[in-house]
Amino acid sequence: MPANAPIGVFDSGIGGLSVLREIRALLPHEQLIYIADSRHMPYGSKAQAFIQARALTLSEFLCQQQAKAIVVACNTATAAAAELLRGRMTLPVVGMEPAVKPAAAASRNGHIGVLATEGTLKSARFAALLSRFADGLAVHTQPCHGLVELVERGQEDSPAARMLLKRYLAPLLHAGVDTIILGCTHYPFLKPLITEIAGPDIALIDTGAAVARHLRHRLEQQALLAPQAQQGQAAFWTSGDTAQLQPVIARLWPEPVVVQALPPAAISDQLSAQ
């Protein structure tokens, strides 16, 4: 695999752009391919078999685009499919995980809140993280139905987003948390509103920067870092409506954006009715 090959990144929608921005900041010379699987968004309420099927389909498309590494920029998809992908792919596969360890280190009073999708909170991966890093801490979890859809529509600062966040943050604040894990890649786009509601003393923890650092380490190990002379560019694909997604991504991504439609074989599969 040549070092100037692209890095493939996918998510159920545009949430993974929060990770893509960290990758671009740390690795400015890399070519990037981003897939927003918007037709099947959100993953959080989908069956594990369906998420695995989508992860395989999207990863196969990225391999066809000569990707040298794949980043699963979605906590739910990581929990459901990362190990499956690693068993099928020969290239590096980097996933997400809720930032339990750094949150445990950041908390002053031992009370940690977790905002995440239902799929992430119910996953064995999340349970293992709690067992490993949160022993002796009080962890208060909150599933957040509807936030992903608002971010997808570019409404992360809307009255609807404010209403939902007030509802979801209330039990965490009542429990006295001083640290909140943003357990979905869509949620960093809600940081200003979360801070406004929760207050500036609440630490917000996400894993985008840590994922970018781990990706760089994996590429260094295999001598796959892009040459310094290369000018990094990003290509965007979606299974959804390109016209609808174009202005949303253009607002969130600091470079010129052209969103392309995935080919039919990468849009649906035998489990797409779930």
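Colleague: How far is the sulfur of cysteine 63 from the closest cysteine sulfur?

Modeller: The distance is 18 Å, and the closest sulfur belongs to cysteine 74. That is too far for a bond. Keep in mind that this is a predicted model.

Colleague: What is a disulfide, in general?

Modeller: It is a covalent bond between the sulfur atoms of two cysteines. The rule used here asks for sulfur atoms within 2.5 Å.

Colleague: And how many disulfides does the count come to?

Modeller: The count is 0 disulfides. Take cysteine 74 as a second case. Its nearest cysteine sulfur is that of cysteine 184, 6.6 Å away, and cysteine 74 is in no disulfide.

Colleague: Is cysteine 74 buried or exposed?

Modeller: Cysteine 74 has 7% relative accessibility, so it counts as buried. The cut-off for buried is under 20%. Cysteine 63 has 29%, so that residue counts as partly exposed.

Colleague: Let us turn to empty space inside the model. How many cavities of 30 Å³ or more does the search find?

Modeller: The search covers the whole structure and finds 2. The largest has a volume of about 90 Å³. It is lined by 15 residues, and the closest to its centre are Ser12, Cys74, Thr76, Thr117 and Cys184. So two cysteines from our sulfur pair, Cys74 and Cys184, are both in that list.

Colleague: How does the lining of the largest cavity divide?

Modeller: Into 5 nonpolar, 9 polar and 1 charged.

Colleague: Which residues line the second largest cavity?

Modeller: Among them are Ser18, Asn75, Met96, Cys184, Pro188 and Asp206. This cavity holds about 50 Å³ of space. Its lining divides into 5 nonpolar, 5 polar and 1 charged.

Colleague: Now the strands. What is the order in the open sheet of 4 strands?

Modeller: The order is S6-S5-S7-S8, with parallel pairing. Read the ends of that order to find the edges. Strand S6 (138-143) and strand S8 (203-205) stand there. Each has a single partner strand, so one side of each is left without a neighbour in the sheet.

Colleague: By how much are neighbouring strands of this sheet turned against each other?

Modeller: By 25° on average, direction ignored.

Colleague: How many bridges join S5 to S6?

Modeller: There are 6 bridges, and the two strands run parallel. Strand S5 spans residues 111-116. For one bridge, look at valine 114, whose partner in S6 is threonine 141.

Colleague: What should I expect of backbone angles in general?

Modeller: Most residues other than glycine have a negative phi, and most peptide bonds are trans. Now look for departures.

Colleague: Which peptide bond is cis?

Modeller: The bond from methionine 41 to proline 42 is cis, with omega near -5°. Proline 42 sits in the loop between strand S2 (32-36) and helix H2 (48-64).

Colleague: What is the phi of glutamine 66?

Modeller: It is near 70°, a positive value in a residue other than glycine. Glutamine 66 belongs to the loop between H2 and strand S3 (69-72).

Colleague: Where is alanine 223 found?

Modeller: In the loop between helix H10 (208-221) and strand S9 (234-238). Alanine 223 is not a glycine, yet its phi is positive, about 55°.

Colleague: Is alanine 223 buried or exposed?

Modeller: Its relative accessibility is 61%, so alanine 223 counts as exposed.

Terms used:
Residues numbered from 1 in each chain as written. Predicted model: local features only at pLDDT ≥ 70, side-chain atom pairs only at ≥ 80, totals over all residues. Heavy atoms only, no water. 1 Å grid on protein atoms, 1.4 Å probe; cavity = no way out; pocket = protein on both sides within 12 Å on 5 of 7 lines; lining within 4 Å. Points joined across faces, edges and corners; volume = space filled by probe spheres on them. Nonpolar A, V, L, I, M, F, W, Y, C, P; charged D, E, K, R; others polar. Buried < 20%, exposed > 50% of the residue type's maximum accessible area, 1.4 Å probe, protein only. Pairing = 2+ DSSP bridges. Axes fitted to C-alpha atoms, helices over the stretch in contact; angles between N-to-C directions.
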